[in-house]
Amino acid sequence: MNASQPPVPSSQPGQSPQPAQPPQPPVQPSQTGQPSQATEPTPGEAARGSALLRAVEVMEALRAADGDAWSHQQTHASLARYLLEETYEVLEVIDDPQAHGPGALRDELGDLLFQILFHARVGQEAEPAWDVDDVARSFIAKMERRNPHIFGDRRDEALEDPEDVEQIIAQWHAVKAAERRARGAGDAPGDATSSAVWFDGIPERLPALQTAAKVVHRARSDGRLEELLAAADEAAAAPDAQQWGGDVASALLEVAVRAESEDIDPESALRTLLARTRSAALGTNGSARRSASHPVQHPVQHPVPHPAPRSVPPPAPRSVPRDGARQAPADWPSDGNMAGPDGRTA
């Protein structure tokens, strides 16, 4: 494949990629926390986002009729495994940055971007067709709709206090609720008071600790956390609870309640701890770390007696805050994606 060739239009009859629009200057937070326009690029410097246009061209060339044979065979389903793998590789760098090179996060995000571009390119052959511009438009519309204090016509009136993170979160959820009503979801009688609404829209495959934190956040926001925990207690008291570890599950839910009250994602916290423990055990910052291609040889294995197990007392029941106000960190959100414990980018 000659990467210097101009991108070939979609191989589907009658389909061709829409010309990309010139990138707009991104909105960035200023030192005062208020949005401000990014400075104009200096003469001769490419506009920010211009490389994204080249990335789209690269994906077009790979999928083109005279492009890459492997790329031709891929579908949304066949690509799913790579999307998951690349996501976990991004998380691995975030969880333990010291164990990776300075450009590792940038590179892994590039791999994740490739998956997004790939799915968007496959979408051009769907019925009805959609492409990367539709993906971008969906993102733009959602952010503008759910952040009226930034993009609204009357942004100065959207919030009483633009610096109050709790108001921003409440506004986000209010817009999401309006979106569900517009789609016809949540209009059935009793839906607003049903505990099932706490689980609405949460992916079934989301890790359990993260799901727990999201559900706890929603129940606390509704002022019904005790109701949620009472339902959990009832489930944990089932006759077969011992078979599936109901008591352990209850203790984990208590941890999720505490984590949510401190604006901490318990899944990310535990994953980060394990990643850094692994790095410490491998001697990441010293000479003890070796590549997989040069494993340490141990010709003689000597039996090592197991130490006595530590006695770790279970957490006291109901020992964590439930109805207190959550204390959001002063710099939240720190990653630019406006994602709190309830997954606000979803």
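These are my notebook entries on what I looked up in this predicted model.

**Confidence**

I began with the confidence scores, and found that the chain averages a pLDDT of 77, with 67% of the residues scoring at least 70. Two stretches stay under 50: residues 286–320, for which the model has 14 contacts beyond four places in sequence, and residues 323–343, for which it has 42 such contacts. I make no local claims about either stretch in the entries below.

**Helix α12 and its surroundings**

I then checked the length of helix α12, which covers residues 266–282. At 1.5 Å a residue its 17 residues should span 24 Å, and because the end C-alpha atoms are 24 Å apart, the expected and modelled values agree. I looked up which of its residues are buried, and noted Pro266, Thr272, Ala275 and Ser279. The buried residues of this helix pack against α3 (76–95), α8 (208–221) and α11 (246–261). After the helix comes Gly283, with a positive phi near 70 degrees.

On the other side of α12, I went through the loop that connects α11 to it and stopped at Asp263. This residue is not a glycine, yet its phi is positive, near 60 degrees. I noted for comparison that most residues other than glycine have a negative phi. Asp263 has a relative accessibility of 13%, and therefore counts as buried, the cut-off being under 20%.

**The loop after α4**

In the loop between α4 and α5 (132–146) I looked at Pro128. The peptide bond that joins Glu127 to Pro128 is cis, with omega at about 0 degrees. Most peptide bonds are trans, so I marked this kind of bond for a second look.

**Salt bridges**

A search of the whole structure gave 13 salt bridges, and I followed three of them in detail.

Which helices does the pair of Glu260 and Arg220 tie together? The side chains of Glu260 and Arg220 meet with 2.6 Å from N to O. Glu260 lies in helix α11 and Arg220 in helix α8, so the pair ties together parts that are 40 residues apart in sequence. Glu260 counts as buried at 1% relative accessibility, and Arg220 counts as buried too, at 13%. I set this beside the earlier entry on α12, whose buried residues pack against both α8 and α11.

Glu125 and Arg121 form another salt bridge, with the closest N and O atoms 3.0 Å apart. Here Arg121 is buried, with a relative accessible area of 2%, whereas Glu125 is partly exposed at 29%. I also recorded that these two residues do not stand alone, since Glu60, Arg63, Arg121 and Glu125 are linked in a network of salt bridges.

The third is the salt bridge of Arg154 with Glu157, whose closest N and O atoms are 2.7 Å apart. Both partners are exposed, Arg154 with a relative accessible area of 59% and Glu157 at 55%.

**A nonpolar patch**

Last, I looked for nonpolar side chains at the surface. Leu52, Leu113, Ile116, Trp130 and Val135 form a patch there, with about 380 Å² of accessible area together. I took Ile116 as the residue to check: Ile116 belongs to helix α4, residues 104–123, and at 40% relative accessibility it counts as partly exposed.

Key: Residues are numbered from 1 along each chain as its sequence is written. This is a predicted model: local features need pLDDT of at least 70, side-chain atom pairs count only at pLDDT 80 or more; totals for chains, interfaces and linings use all residues. Side-chain values use heavy atoms; hydrogens and water are left out. Helices (H or I, at least four residues) and strands (E, at least two) are DSSP runs, numbered from the N terminus. The expected span of a helix is 1.5 Å times one less than its number of residues. Buried means under 20% relative accessible area, exposed over 50%, partly exposed in between (1.4 Å probe, protein chains only). Contact means heavy atoms within 4.5 Å. Patches are made of residues with over 30% relative accessible area and no salt bridge: like charges are joined within 9 Å, nonpolar side chains (Val, Leu, Ile, Met, Phe, Trp, Tyr) within 5 Å. Accessible areas come from the Shrake-Rupley method with a 1.4 Å probe; for residues, only the protein chains shown count as cover. A salt bridge is a side-chain nitrogen of Lys or Arg within 4 Å of a carboxyl oxygen of Asp or Glu. pLDDT is the predictor's confidence in each residue, from 0 to 100.
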